[in-house]
Amino acid sequence: MQKQLVSHFKHKILLFLAPYLAFFLVLLLIVMALFYQDNNNACQSTDTTVNVTTNADKEAVAKSLHDNLKKISGVTEAGIAGYLGNTQHESGFNSSVIQSNAPYSESQAMNPKVSGYAFGLNQWDNSRRVELINYAKSKNKPWTNAGVQYDFALNHDGTNSDLLKQGLKMTNIDDATEFLRASWERGGAGTTSKRQSYARAWYAKFASGSSNTAVDTATNGTETTQNTDNTTNNSNGCATNVAQGMGTSGAPVKEIPSAYKSKIKDTNFTATSSSNTYPFGQCTWYTYNRMQELGTPVENGLGNGADWGKNAKAKGYKTDSQPHVGWAVSFSQGADGADPTYGHVAVVEAISDDKTHFLVSECNVVASGTGTVSFRELTAGQGVIFIQGKQ
(Lines give C-alpha, C1' and ligand atoms only; values in the text may rest on other atoms or scores of the structure.)
Protein backbone atom coordinates (compact mmCIF):
# COMPACT_ATOMS: atom_id res chain seq x y z
CA MET A 1 0.00 0.00 0.00
CA GLN A 2 2.83 2.36 0.88
CA LYS A 3 4.57 1.71 -2.45
CA GLN A 4 1.36 2.47 -4.27
CA LEU A 5 1.05 5.81 -2.44
CA VAL A 6 4.67 6.76 -3.27
CA SER A 7 4.17 5.85 -6.90
CA HIS A 8 0.93 7.81 -6.95
CA PHE A 9 2.59 10.96 -5.52
CA LYS A 10 5.55 10.67 -7.93
CA HIS A 11 3.11 10.51 -10.79
CA LYS A 12 1.25 13.57 -9.48
CA ILE A 13 4.52 15.52 -9.05
CA LEU A 14 5.66 14.68 -12.59
CA LEU A 15 2.32 15.77 -13.99
CA PHE A 16 2.62 19.03 -12.02
CA LEU A 17 6.20 19.72 -13.13
CA ALA A 18 5.85 18.62 -16.77
CA PRO A 19 4.59 21.99 -18.15
CA TYR A 20 7.36 23.87 -16.35
CA LEU A 21 10.04 21.47 -17.57
CA ALA A 22 8.73 21.79 -21.12
CA PHE A 23 8.75 25.59 -20.82
CA PHE A 24 12.36 25.68 -19.56
CA LEU A 25 13.43 23.25 -22.28
CA VAL A 26 11.95 25.48 -24.99
CA LEU A 27 13.53 28.55 -23.37
CA LEU A 28 16.92 26.82 -23.31
CA LEU A 29 16.64 25.95 -27.00
CA ILE A 30 15.75 29.57 -27.88
CA VAL A 31 18.72 30.92 -25.90
CA MET A 32 21.07 28.45 -27.59
CA ALA A 33 19.74 29.42 -31.03
CA LEU A 34 20.16 33.14 -30.33
CA PHE A 35 23.66 32.58 -29.03
CA TYR A 36 24.58 30.66 -32.17
CA GLN A 37 23.06 33.34 -34.40
CA ASP A 38 24.83 36.16 -32.53
CA ASN A 39 28.15 34.40 -32.87
CA ASN A 40 27.59 33.91 -36.56
CA ASN A 41 26.58 37.56 -37.00
CA ALA A 42 29.61 38.69 -35.01
CA CYS A 43 31.88 36.70 -37.27
CA GLN A 44 30.26 38.17 -40.34
CA SER A 45 30.23 41.77 -39.15
CA THR A 46 33.80 41.89 -37.86
CA ASP A 47 35.42 40.23 -40.85
CA THR A 48 36.73 43.16 -42.91
CA THR A 49 38.97 41.07 -45.13
CA VAL A 50 38.81 42.20 -48.75
CA ASN A 51 39.51 39.54 -51.33
CA VAL A 52 41.93 41.25 -53.69
CA THR A 53 44.39 38.93 -55.34
CA THR A 54 48.12 39.41 -54.84
CA ASN A 55 49.41 38.00 -58.08
CA ALA A 56 52.20 38.47 -60.59
CA ASP A 57 49.59 38.54 -63.37
CA LYS A 58 48.61 42.21 -63.63
CA GLU A 59 45.35 41.43 -65.45
CA ALA A 60 44.26 39.14 -62.60
CA VAL A 61 44.96 41.87 -60.06
CA ALA A 62 43.20 44.50 -62.18
CA LYS A 63 40.13 42.24 -62.57
CA SER A 64 40.08 41.60 -58.82
CA LEU A 65 40.25 45.33 -58.06
CA HIS A 66 37.57 46.06 -60.66
CA ASP A 67 35.17 43.45 -59.27
CA ASN A 68 35.57 44.69 -55.69
CA LEU A 69 35.09 48.34 -56.69
CA LYS A 70 31.93 47.46 -58.64
CA LYS A 71 30.27 46.50 -55.34
CA ILE A 72 30.47 50.10 -54.05
CA SER A 73 27.36 52.22 -54.50
CA GLY A 74 27.72 55.04 -57.00
CA VAL A 75 31.02 53.90 -58.50
CA THR A 76 31.14 54.01 -62.31
CA GLU A 77 33.03 51.97 -64.90
CA ALA A 78 34.71 55.19 -66.04
CA GLY A 79 35.86 55.93 -62.49
CA ILE A 80 37.19 52.40 -62.01
CA ALA A 81 39.03 52.64 -65.33
CA GLY A 82 40.63 55.91 -64.19
CA TYR A 83 41.77 54.23 -60.99
CA LEU A 84 43.16 51.22 -62.87
CA GLY A 85 44.98 53.45 -65.37
CA ASN A 86 46.72 55.25 -62.51
CA THR A 87 47.49 52.02 -60.68
CA GLN A 88 49.06 50.47 -63.77
CA HIS A 89 51.32 53.50 -64.22
CA GLU A 90 52.23 53.68 -60.53
CA SER A 91 53.03 50.04 -59.78
CA GLY A 92 52.14 47.78 -62.69
CA PHE A 93 49.63 46.20 -60.23
CA ASN A 94 52.48 44.91 -58.07
CA SER A 95 51.37 45.39 -54.46
CA SER A 96 54.84 44.66 -53.06
CA VAL A 97 56.88 46.99 -55.26
CA ILE A 98 58.94 49.80 -53.70
CA GLN A 99 59.81 52.86 -55.77
CA SER A 100 62.86 52.33 -58.02
CA ASN A 101 62.76 48.65 -56.92
CA ALA A 102 64.57 49.62 -53.73
CA PRO A 103 65.01 47.04 -50.94
CA TYR A 104 62.88 47.27 -47.81
CA SER A 105 64.34 49.30 -44.95
CA GLU A 106 62.31 49.60 -41.74
CA SER A 107 64.02 52.85 -40.72
CA GLN A 108 63.28 54.47 -44.07
CA ALA A 109 59.79 53.05 -44.35
CA MET A 110 58.70 54.35 -40.94
CA ASN A 111 60.18 57.82 -41.37
CA PRO A 112 57.45 60.14 -42.73
CA LYS A 113 60.08 62.67 -43.83
CA VAL A 114 61.62 60.23 -46.32
CA SER A 115 60.40 60.92 -49.86
CA GLY A 116 60.91 58.95 -53.06
CA TYR A 117 60.44 55.66 -51.19
CA ALA A 118 56.86 54.91 -52.21
CA PHE A 119 55.11 51.59 -51.58
CA GLY A 120 52.48 49.36 -53.11
CA LEU A 121 49.76 49.46 -55.71
CA ASN A 122 49.37 53.23 -55.59
CA GLN A 123 52.86 54.12 -54.38
CA TRP A 124 52.06 55.73 -51.02
CA ASP A 125 54.91 57.93 -49.82
CA ASN A 126 55.92 59.98 -46.76
CA SER A 127 53.30 59.96 -43.96
CA ARG A 128 50.80 58.04 -46.12
CA ARG A 129 53.34 55.24 -46.47
CA VAL A 130 53.78 55.12 -42.69
CA GLU A 131 50.02 55.09 -42.15
CA LEU A 132 49.65 52.19 -44.63
CA ILE A 133 52.27 50.15 -42.78
CA ASN A 134 50.71 50.87 -39.40
CA TYR A 135 47.26 49.95 -40.69
CA ALA A 136 48.59 46.65 -42.07
CA LYS A 137 50.20 45.90 -38.68
CA SER A 138 46.90 46.61 -36.93
CA LYS A 139 45.33 43.92 -39.12
CA ASN A 140 48.24 41.52 -38.48
CA LYS A 141 48.97 41.42 -42.20
CA PRO A 142 51.97 42.48 -44.29
CA TRP A 143 51.78 45.86 -46.01
CA THR A 144 52.28 44.01 -49.31
CA ASN A 145 48.81 42.44 -49.03
CA ALA A 146 46.70 43.81 -51.89
CA GLY A 147 43.48 43.53 -49.89
CA VAL A 148 44.95 45.61 -47.07
CA GLN A 149 46.06 48.28 -49.54
CA TYR A 150 42.61 48.34 -51.16
CA ASP A 151 40.88 48.74 -47.78
CA PHE A 152 43.39 51.38 -46.67
CA ALA A 153 42.92 53.41 -49.84
CA LEU A 154 39.13 53.44 -49.61
CA ASN A 155 38.57 53.72 -45.88
CA HIS A 156 41.67 54.60 -43.86
CA ASP A 157 43.72 57.14 -45.85
CA GLY A 158 42.17 60.21 -44.21
CA THR A 159 40.66 62.76 -46.57
CA ASN A 160 42.46 61.02 -49.42
CA SER A 161 39.86 58.24 -49.18
CA ASP A 162 37.15 60.85 -49.83
CA LEU A 163 39.04 62.03 -52.91
CA LEU A 164 39.41 58.47 -54.21
CA LYS A 165 35.68 57.83 -53.84
CA GLN A 166 34.91 61.09 -55.63
CA GLY A 167 37.10 60.10 -58.56
CA LEU A 168 35.56 56.63 -58.70
CA LYS A 169 32.10 58.19 -59.21
CA MET A 170 33.07 60.35 -62.18
CA THR A 171 31.55 59.49 -65.55
CA ASN A 172 34.28 60.53 -67.96
CA ILE A 173 37.34 58.28 -68.27
CA ASP A 174 39.88 60.98 -69.09
CA ASP A 175 38.60 63.32 -66.39
CA ALA A 176 38.49 60.59 -63.75
CA THR A 177 42.04 59.53 -64.59
CA GLU A 178 43.42 63.05 -64.40
CA PHE A 179 41.44 63.88 -61.26
CA LEU A 180 42.87 60.86 -59.47
CA ARG A 181 46.39 61.63 -60.68
CA ALA A 182 46.30 65.30 -59.67
CA SER A 183 44.14 65.21 -56.56
CA TRP A 184 44.58 61.72 -55.11
CA GLU A 185 47.99 60.46 -56.31
CA ARG A 186 49.28 64.06 -56.32
CA GLY A 187 52.21 63.32 -58.60
CA GLY A 188 53.16 62.18 -62.07
CA ALA A 189 52.95 65.53 -63.83
CA GLY A 190 53.44 64.99 -67.57
CA THR A 191 52.18 61.39 -67.49
CA THR A 192 48.48 62.12 -67.95
CA SER A 193 48.12 60.87 -71.52
CA LYS A 194 49.80 57.55 -70.74
CA ARG A 195 47.57 56.98 -67.71
CA GLN A 196 44.48 57.85 -69.74
CA SER A 197 45.54 55.39 -72.43
CA TYR A 198 45.84 52.63 -69.83
CA ALA A 199 42.45 53.61 -68.40
CA ARG A 200 40.68 53.39 -71.75
CA ALA A 201 42.18 49.95 -72.35
CA TRP A 202 40.88 48.70 -68.99
CA TYR A 203 37.48 50.19 -69.70
CA ALA A 204 37.35 48.34 -73.02
CA LYS A 205 38.33 45.08 -71.34
CA PHE A 206 36.02 45.15 -68.32
CA ALA A 207 33.13 47.49 -69.13
CA SER A 208 32.26 46.82 -72.75
CA GLY A 209 34.39 44.10 -74.22
CA SER A 210 36.57 45.45 -77.01
CA SER A 211 34.14 48.01 -78.41
CA ASN A 212 36.05 51.14 -79.36
CA THR A 213 32.72 52.93 -79.85
CA ALA A 214 31.80 52.34 -76.24
CA VAL A 215 35.16 53.68 -75.10
CA ASP A 216 34.84 56.78 -77.26
CA THR A 217 31.32 57.39 -75.99
CA ALA A 218 32.41 57.08 -72.38
CA THR A 219 35.35 59.38 -73.00
CA ASN A 220 33.62 62.09 -74.99
CA GLY A 221 29.89 61.96 -74.45
CA THR A 222 29.05 61.52 -70.77
CA GLU A 223 30.26 64.71 -69.13
CA THR A 224 26.84 66.15 -68.28
CA THR A 225 26.27 64.12 -65.10
CA GLN A 226 29.79 64.65 -63.80
CA ASN A 227 29.63 68.40 -64.25
CA THR A 228 26.17 68.94 -62.76
CA ASP A 229 27.75 70.22 -59.55
CA ASN A 230 30.99 71.44 -61.12
CA THR A 231 29.83 74.42 -63.16
CA THR A 232 32.24 77.30 -63.74
CA ASN A 233 30.59 80.57 -62.77
CA ASN A 234 31.91 83.82 -64.21
CA SER A 235 29.67 86.17 -62.24
CA ASN A 236 31.14 89.14 -60.44
CA GLY A 237 32.70 88.12 -57.12
CA CYS A 238 34.55 84.86 -57.71
CA ALA A 239 34.51 81.66 -59.66
CA THR A 240 36.23 78.32 -59.54
CA ASN A 241 36.92 75.58 -62.05
CA VAL A 242 36.68 72.17 -60.40
CA ALA A 243 36.81 70.00 -63.50
CA GLN A 244 40.32 68.83 -62.61
CA GLY A 245 39.94 68.73 -58.87
CA MET A 246 40.64 72.29 -57.75
CA GLY A 247 44.41 72.13 -57.90
CA THR A 248 46.76 69.46 -56.67
CA SER A 249 45.95 69.14 -53.00
CA GLY A 250 42.20 68.75 -52.74
CA ALA A 251 38.79 68.53 -54.31
CA PRO A 252 35.43 69.91 -53.18
CA VAL A 253 33.19 67.71 -51.05
CA LYS A 254 29.80 68.58 -49.56
CA GLU A 255 30.47 67.00 -46.16
CA ILE A 256 33.22 67.86 -43.67
CA PRO A 257 35.99 65.27 -44.20
CA SER A 258 36.16 62.80 -41.32
CA ALA A 259 39.67 63.85 -40.28
CA TYR A 260 38.41 67.38 -39.56
CA LYS A 261 34.97 66.84 -38.03
CA SER A 262 36.15 66.97 -34.43
CA LYS A 263 38.12 70.16 -35.08
CA ILE A 264 35.18 72.34 -36.11
CA LYS A 265 32.93 73.54 -33.29
CA ASP A 266 30.63 76.00 -35.08
CA THR A 267 28.95 74.08 -37.90
CA ASN A 268 26.29 76.66 -38.77
CA PHE A 269 27.46 77.13 -42.35
CA THR A 270 24.10 78.44 -43.56
CA ALA A 271 23.94 81.54 -41.34
CA THR A 272 23.25 84.74 -43.28
CA SER A 273 23.55 88.41 -42.40
CA SER A 274 21.09 91.14 -43.35
CA SER A 275 24.00 93.56 -43.75
CA ASN A 276 25.58 91.50 -46.53
CA THR A 277 25.70 93.41 -49.83
CA TYR A 278 27.76 90.89 -51.82
CA PRO A 279 25.91 89.04 -54.65
CA PHE A 280 23.94 86.02 -53.44
CA GLY A 281 25.64 82.66 -53.88
CA GLN A 282 29.09 84.09 -54.58
CA CYS A 283 32.18 83.13 -52.60
CA THR A 284 32.34 86.71 -51.28
CA TRP A 285 28.72 86.52 -50.08
CA TYR A 286 29.37 83.25 -48.20
CA THR A 287 32.67 84.36 -46.66
CA TYR A 288 31.07 87.55 -45.34
CA ASN A 289 28.25 85.48 -43.76
CA ARG A 290 30.58 82.88 -42.28
CA MET A 291 32.96 85.44 -40.77
CA GLN A 292 29.97 87.18 -39.18
CA GLU A 293 28.85 83.84 -37.71
CA LEU A 294 32.32 83.19 -36.29
CA GLY A 295 32.33 86.57 -34.59
CA THR A 296 35.27 87.96 -36.59
CA PRO A 297 33.49 89.95 -39.30
CA VAL A 298 34.85 91.50 -42.46
CA GLU A 299 33.29 94.44 -44.25
CA ASN A 300 31.43 94.91 -47.49
CA GLY A 301 33.17 96.42 -50.48
CA LEU A 302 36.39 94.34 -50.46
CA GLY A 303 35.92 93.58 -54.15
CA ASN A 304 36.29 90.29 -56.02
CA GLY A 305 37.84 87.28 -54.33
CA ALA A 306 41.32 88.01 -55.67
CA ASP A 307 41.14 91.59 -54.36
CA TRP A 308 40.32 90.79 -50.76
CA GLY A 309 43.90 90.31 -49.60
CA LYS A 310 45.31 93.63 -50.78
CA ASN A 311 42.14 95.60 -50.04
CA ALA A 312 41.81 94.21 -46.52
CA LYS A 313 45.45 94.96 -45.79
CA ALA A 314 45.01 98.52 -47.03
CA LYS A 315 42.04 98.90 -44.66
CA GLY A 316 44.09 97.79 -41.67
CA TYR A 317 43.22 94.10 -41.41
CA LYS A 318 45.98 91.76 -40.27
CA THR A 319 47.14 89.44 -43.08
CA ASP A 320 49.54 86.52 -43.33
CA SER A 321 50.91 84.01 -45.83
CA GLN A 322 50.15 81.09 -43.48
CA PRO A 323 46.70 79.71 -42.56
CA HIS A 324 44.97 80.46 -39.26
CA VAL A 325 41.69 78.92 -38.12
CA GLY A 326 38.80 81.35 -38.50
CA TRP A 327 40.58 83.62 -40.99
CA ALA A 328 39.41 84.32 -44.52
CA VAL A 329 41.68 83.34 -47.39
CA SER A 330 41.93 85.22 -50.67
CA PHE A 331 43.07 83.34 -53.80
CA SER A 332 44.64 85.29 -56.64
CA GLN A 333 43.58 84.58 -60.21
CA GLY A 334 44.22 80.90 -61.00
CA ALA A 335 45.54 79.95 -57.54
CA ASP A 336 44.20 76.55 -56.42
CA GLY A 337 41.74 76.52 -59.31
CA ALA A 338 40.39 80.05 -58.73
CA ASP A 339 38.83 81.89 -61.63
CA PRO A 340 41.49 83.49 -63.89
CA THR A 341 39.60 86.81 -63.83
CA TYR A 342 37.95 87.14 -60.42
CA GLY A 343 39.93 84.84 -58.12
CA HIS A 344 38.26 83.31 -55.08
CA VAL A 345 37.78 83.70 -51.31
CA ALA A 346 36.98 81.17 -48.54
CA VAL A 347 37.22 80.60 -44.78
CA VAL A 348 39.86 78.50 -42.98
CA GLU A 349 38.01 76.01 -40.76
CA ALA A 350 40.79 73.75 -39.42
CA ILE A 351 44.46 72.78 -39.68
CA SER A 352 45.58 69.16 -40.17
CA ASP A 353 47.30 67.35 -37.32
CA ASP A 354 50.66 67.46 -39.12
CA LYS A 355 50.21 71.19 -39.89
CA THR A 356 50.77 70.59 -43.62
CA HIS A 357 47.18 71.11 -44.81
CA PHE A 358 44.21 73.27 -43.98
CA LEU A 359 40.48 72.86 -44.59
CA VAL A 360 38.35 75.64 -46.06
CA SER A 361 34.61 76.11 -46.29
CA GLU A 362 33.45 77.99 -49.37
CA CYS A 363 30.61 78.72 -51.74
CA ASN A 364 30.14 78.86 -55.52
CA VAL A 365 32.34 75.79 -56.07
CA VAL A 366 29.67 73.09 -56.41
CA ALA A 367 26.20 73.89 -57.77
CA SER A 368 27.43 77.42 -58.34
CA GLY A 369 25.11 80.33 -57.72
CA THR A 370 22.84 78.30 -55.40
CA GLY A 371 24.56 79.09 -52.11
CA THR A 372 25.75 75.48 -51.65
CA VAL A 373 28.60 75.20 -49.15
CA SER A 374 31.47 72.78 -49.78
CA PHE A 375 34.87 71.95 -48.29
CA ARG A 376 38.41 71.44 -49.59
CA GLU A 377 41.71 70.41 -48.04
CA LEU A 378 44.56 72.60 -49.35
CA THR A 379 48.21 73.42 -48.77
CA ALA A 380 49.54 76.95 -48.35
CA GLY A 381 51.32 78.20 -51.45
CA GLN A 382 51.72 81.03 -53.89
CA GLY A 383 48.83 83.35 -54.62
CA VAL A 384 46.98 83.11 -51.30
CA ILE A 385 46.61 85.71 -48.52
CA PHE A 386 45.02 84.94 -45.16
CA ILE A 387 42.92 87.69 -43.55
CA GLN A 388 42.01 88.03 -39.89
CA GLY A 389 38.52 89.39 -39.29
CA LYS A 390 37.80 92.17 -36.86
CA GLN A 391 38.05 91.27 -33.18
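Me: In this predicted model, where is Arg290 found?

Reply: Arg290 is found in helix 12, which covers residues 283–294.

Me: What makes Arg290 a buried residue rather than an exposed one?

Reply: Its relative accessible area is 2%, and a residue is called buried when that value is under 20%, so Arg290 is classed as buried.

Me: What does Arg290 touch, leaving aside its neighbours within four places in sequence?

Reply: Arg290 is in contact with Ile264, Asp266, Asn268, Phe269, Val347, Glu349 and Ser361. Ser273, which is 17 residues apart from Arg290 in sequence, is 8.9 Å apart from it in space, C-alpha to C-alpha.

Me: Why is the pairing of the side chains of Arg290 and Glu349 called a polar contact?

Reply: The two side chains approach to 2.9 Å, and the cut-off for a pair of N or O atoms is 3.5 Å, with one atom able to donate a hydrogen and the other able to accept it; the pair is therefore counted as a polar contact.

Me: How do you know that Asn289, which also lies in helix 12, is buried?

Reply: The relative accessible area of Asn289 is 2%, which has to be set against a limit of under 20%, so Asn289 is buried. Not counting residues up to four places away in sequence, Asn289 touches Ala271, Thr272, Ser273 and Asn276, and a polar contact of 3.0 Å joins its side chain to that of Asn276.

Me: Which strands does helix 12 lie across?

Reply: Helix 12 lies across strand 2, strand 3 (344–351), strand 4 (358–363), strand 5 and strand 6, and runs at about 40 degrees to strand 3.

Me: What is the order of the strands in the open sheet, and what makes strand 1 and strand 5 its edges?

Reply: The sheet has 6 strands in the order 1-6-2-3-4-5, with antiparallel pairing. Strand 1 (319–320) and strand 5 (373–378) each have a single partner strand, so one side of each is left without a neighbour in the sheet.

Me: How do you know that strand 2 and strand 6 are paired?

Reply: Pairing requires at least two bridges, and 4 bridges join strand 2 (residues 328–331) to strand 6 (residues 384–387), so these antiparallel strands count as a pair. Val329 stands opposite Phe386 in strand 6.

Me: What supports the pairing of strand 4 with strand 5?

Reply: These strands run antiparallel and are joined by 6 bridges, against a requirement of at least two. The bridge partner of Val360 is Arg376 in strand 5.

Me: Why is strand 5 described as largely enclosed?

Reply: 6 of the 6 residues of strand 5 are buried, so the strand is largely enclosed by the rest of the structure. Val373, Phe375 and Glu377 point one way, whereas Ser374, Arg376 and Leu378 point the other way, and all are buried. In a regular strand the side chains alternate between the two faces of the sheet.

Me: How do you know that the length of helix 5 agrees with its number of residues?

Reply: Helix 5 (residues 126–138) has 13 residues, which at 1.5 Å a residue should span 18 Å, and its end C-alpha atoms are 19 Å apart, which agrees. Its buried residues are Arg128, Arg129, Val130, Leu132, Ile133, Tyr135 and Ala136, and they pack against helix 4 (106–109), helix 6 (146–155), helix 7 (159–168) and helix 8 (173–185). Just after helix 5, Asn140 takes a positive phi of about 60 degrees.

Me: What makes helix 3 and helix 8 mostly covered?

Reply: In helix 3, 14 of its 15 residues are buried, and in helix 8 the count is 13 of its 13 residues. Helix 3 reaches 21 Å from its first C-alpha to its last, close to the 21 Å expected, and is followed by Gly92, whose phi is positive, near 65 degrees.

Me: What caps the N-terminal end of helix 8?

Reply: Asn172 does, with a side-chain oxygen 3.1 Å from the backbone nitrogen of Asp174, and 3.1 Å falls within the 3.5 Å limit for a polar contact.

Me: Which residues touch the most other members of the largest nonpolar core?

Reply: Of its 39 residues, these are Leu65, Tyr83, Leu84, Leu164 and Leu168. The largest share of this core, 6 residues, comes from helix 6.

Definitions and conventions
Residues are numbered from 1 along each chain as its sequence is written. This is a predicted model: local features need pLDDT of at least 70, side-chain atom pairs count only at pLDDT 80 or more; totals for chains, interfaces and linings use all residues. Side-chain values use heavy atoms; hydrogens and water are left out. Helices (H or I, at least four residues) and strands (E, at least two) are DSSP runs, numbered from the N terminus. Contact means heavy atoms within 4.5 Å. Axes are lines fitted to C-alpha atoms, for helices over the stretch in contact, and angles run from 0 to 180 degrees between N-to-C directions. The expected span of a helix is 1.5 Å times one less than its number of residues. Buried means under 20% relative accessible area, exposed over 50%, partly exposed in between (1.4 Å probe, protein chains only). A nonpolar core is a set of buried Ala, Val, Leu, Ile, Met, Phe, Trp, Tyr and Cys residues joined through side-chain atoms within 4.5 Å.
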